[in-house]
Amino acid sequence: MNFHRDFLANLTDEQRQKVNALPTPFYLIDERAIVQNMQLIDQVCQQSGAKALLALKCFATWGVFGAMKPYLHGTTSSSLKEVRLGKECFGGETHAYSVAYSRDEIDEVLQYSDKIIFNSFNQLAQFADKAIAKNIPVGLRLNPQTSNSSFIIADPARPFSRLGEHDVDAIMAVADKITGVMIHNNCENTDFDAFCQSLDDIEERFGKLFHQLDWISFGGGIHFIDPNYPVKAFADRLKQFANEYDVQVYLEPGEVSVHHTAVLVTSVLDTLHNGKPLAVVDASIEAHMLDLLIYRQSAPLSFVNETAYELAGGDFDGETADDVAVRIYGKSCLAGDIFGDYLLDKPLNIGDKVAFANAAPYTMVKKNWFNGVDMPAIVIIRENGEIVVQKQFGYEDYKNSLS
Ligand SMILES: *Cc1c(COP(=O)(O)O)cnc(C)c1O
């Protein structure tokens, strides 16, 4: 855990006061941080010739799309609603993909699509002709049966996976229907050598097909934002691939697009003691940072009461006699609604502000009304420094989410 942008360090006193006066909880997104990520992606695209599409399943907070559009080529999607949002709110190239489209939605999907990628032979057989009739290029998702994912739940190559087709001969038999393929088999992969190794394997297996195609997407999950990632070598490898097969390469960055560009700001509502100091904040890991619960990870800490604290995240190296190990809980009634264990230089008190880092990817897209916990507002620091309360949620939103 090394990469923490200190949100408050870049704010003027006036901006800081404004943020402090906002009622918690809220997601605070920094467009200036997003632009830094965008510039990295742009650099990879410039050096490699690849095109980059925002993966909307990771981040779809359209209020900041304006800051992203100048750098990305468009969006990719996992459903009708996402492809529509991409077309309406982002523009550029809009790619459609879904694990399975229904007959009822396919015509509408095609209205918004610049390319469509089918997940299986059956989907291709059912719908490719409709797309081709509208001059929309068709792709197929390949499953190379190898992956770089340390989580089985996120492993597209897990045993009996439904994500894409793997049988080379059967794929060659439908090659006349497709102009491209999508392969997404990385998950937060920081290891460039592992990426290359699996690309070599993929080329060995599917190279014959690749020579017949116009475009290939490598999906997301390549964590080239890691400070140790060899970005130039990565771009060179993509360029080499594109030259070898004479294809347009696409990347579909989700996490990398918005990595460490937001914090979730909360307030301490209560403190208790049970074997160690405990604090309860006015948000919930289950409702507002659900991915961390699914992957059993702690939320990185960004700041407490305007001060950046060193993250402990369950690792108490360097503890001194004065430091306090605090467990911070969410306010839902789930016993395991735990943001994490943190080492702080003083105890938390009721009313203290606590902000959790990396609150943009896979957070707002997954938020839910469990326990009726207050939904964090969405607050944006614009590129020009203006602080905008973009969206607040209330009782009616909760009520309208059910019937
Ligand atoms: C999830 C996903 C992405 C984005 O992945 P990140 O790890 O957020 O970069 C891109 N493409 C496809 C097909 C995906 O399923």
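Which residues do ring pairs link into a cluster? I began with this, keeping in mind that the model is predicted, and found that the cluster consists of Phe192, Phe195, Phe206, Phe210, Phe218, Phe224, Tyr229, Phe234, Phe241 and Tyr245.

**Entry: aromatic pairs**

I noted that the structure holds 19 aromatic pairs, and I looked up two of them. For phenylalanine 195 and phenylalanine 234, the ring centres are 5.4 Å apart and the planes stand at 75 degrees, which is over the 60 degrees required, so I recorded the pair as edge-to-face. Phenylalanine 195 belongs to helix 8 (residues 192-210) and phenylalanine 234 to helix 9, so this pair ties together parts that lie 39 residues apart in sequence. Both phenylalanine 195 and phenylalanine 234 are buried.

The second pair I looked up is phenylalanine 218 with phenylalanine 241, whose ring centres are 4.9 Å apart and whose planes are at 75 degrees, so this pair is edge-to-face as well. It links distant parts of the chain, since phenylalanine 218 sits in the loop between strand 8 (215-217) and helix 9, while phenylalanine 241 is in helix 9, 23 residues apart. I found phenylalanine 218 buried at a relative accessible area of 3%, and phenylalanine 241 buried at 0%.

**Entry: helix 9 and helix 2**

Staying with helix 9 (residues 231-245), I looked at aspartate 236, which lies in it. Is aspartate 236 buried, partly exposed or exposed? Its relative accessibility is 35%, which falls between the 20% and 50% limits, so I entered aspartate 236 as partly exposed. Its C-alpha atom is separated by 9.0 Å from that of valine 44, although the two residues are 192 apart along the chain.

Valine 44 led me to helix 2, where it is listed among the buried residues. Helix 2 (residues 31-48) has 18 residues and reaches 25 Å from its first C-alpha to its last, close to the 26 Å expected at 1.5 Å a residue. Its buried residues also include Ile34, Met38, Ile41 and Cys45. At the start of helix 2, I found a side-chain oxygen of aspartate 30 within 2.9 Å of the backbone nitrogen of arginine 32; just after the helix, glycine 49 takes a positive phi of about 85 degrees.

**Entry: ligand surroundings**

I listed the residues around the ligand, among them Lys57, His184, Gly221, Glu252, Glu255 and Tyr362. By class, the shell has 4 nonpolar, 5 polar and 3 charged residues. A polar side-chain atom of glutamate 252 lies 2.6 Å from a nitrogen atom of the ligand, whereas glycine 221 places a backbone N or O atom 2.8 Å from a ligand oxygen. A polar backbone atom of glutamate 255 is also 2.8 Å from an oxygen atom of the ligand. The protein covers 88% of the 380 Å² of accessible area that the ligand has on its own.

**Entry: backbone geometry**

I checked the peptide bond from threonine 24 to proline 25, which is cis, with omega near 0 degrees; proline 25 is in the loop between helix 1 (13-21) and strand 1 (26-30).

Where does histidine 260 lie? I placed histidine 260 in the loop between helix 10 (255-258) and strand 10 (262-273), with a positive phi near 50 degrees and a relative accessible area of 8%, so it is buried. Arginine 296, in the loop between helix 12 (290-294) and strand 12 (301-304), has a positive phi near 55 degrees, but at 77% relative accessible area arginine 296 is exposed.

Terms used:
Residues are numbered from 1 along each chain as its sequence is written. This is a predicted model: local features need pLDDT of at least 70, side-chain atom pairs count only at pLDDT 80 or more; totals for chains, interfaces and linings use all residues. Side-chain values use heavy atoms; hydrogens and water are left out. Helices (H or I, at least four residues) and strands (E, at least two) are DSSP runs, numbered from the N terminus. The expected span of a helix is 1.5 Å times one less than its number of residues. Buried means under 20% relative accessible area, exposed over 50%, partly exposed in between (1.4 Å probe, protein chains only). A polar contact is a pair of N or O atoms within 3.5 Å; within protein, one must be able to donate a hydrogen and the other to accept it, and residues adjacent in sequence count only if both atoms are side-chain atoms. A residue is near a molecule or strand if one of its heavy atoms lies within 4 Å of it. Accessible areas come from the Shrake-Rupley method with a 1.4 Å probe; for residues, only the protein chains shown count as cover. Ala, Val, Leu, Ile, Met, Phe, Trp, Tyr, Cys and Pro count as nonpolar, Asp, Glu, Lys and Arg as charged, and the others, Gly among them, as polar. Rings of Phe, Tyr and Trp (its six-membered ring) pair if their centres lie within 6.5 Å; planes under 30 degrees apart count as stacked, over 60 as edge-to-face and the rest as tilted.
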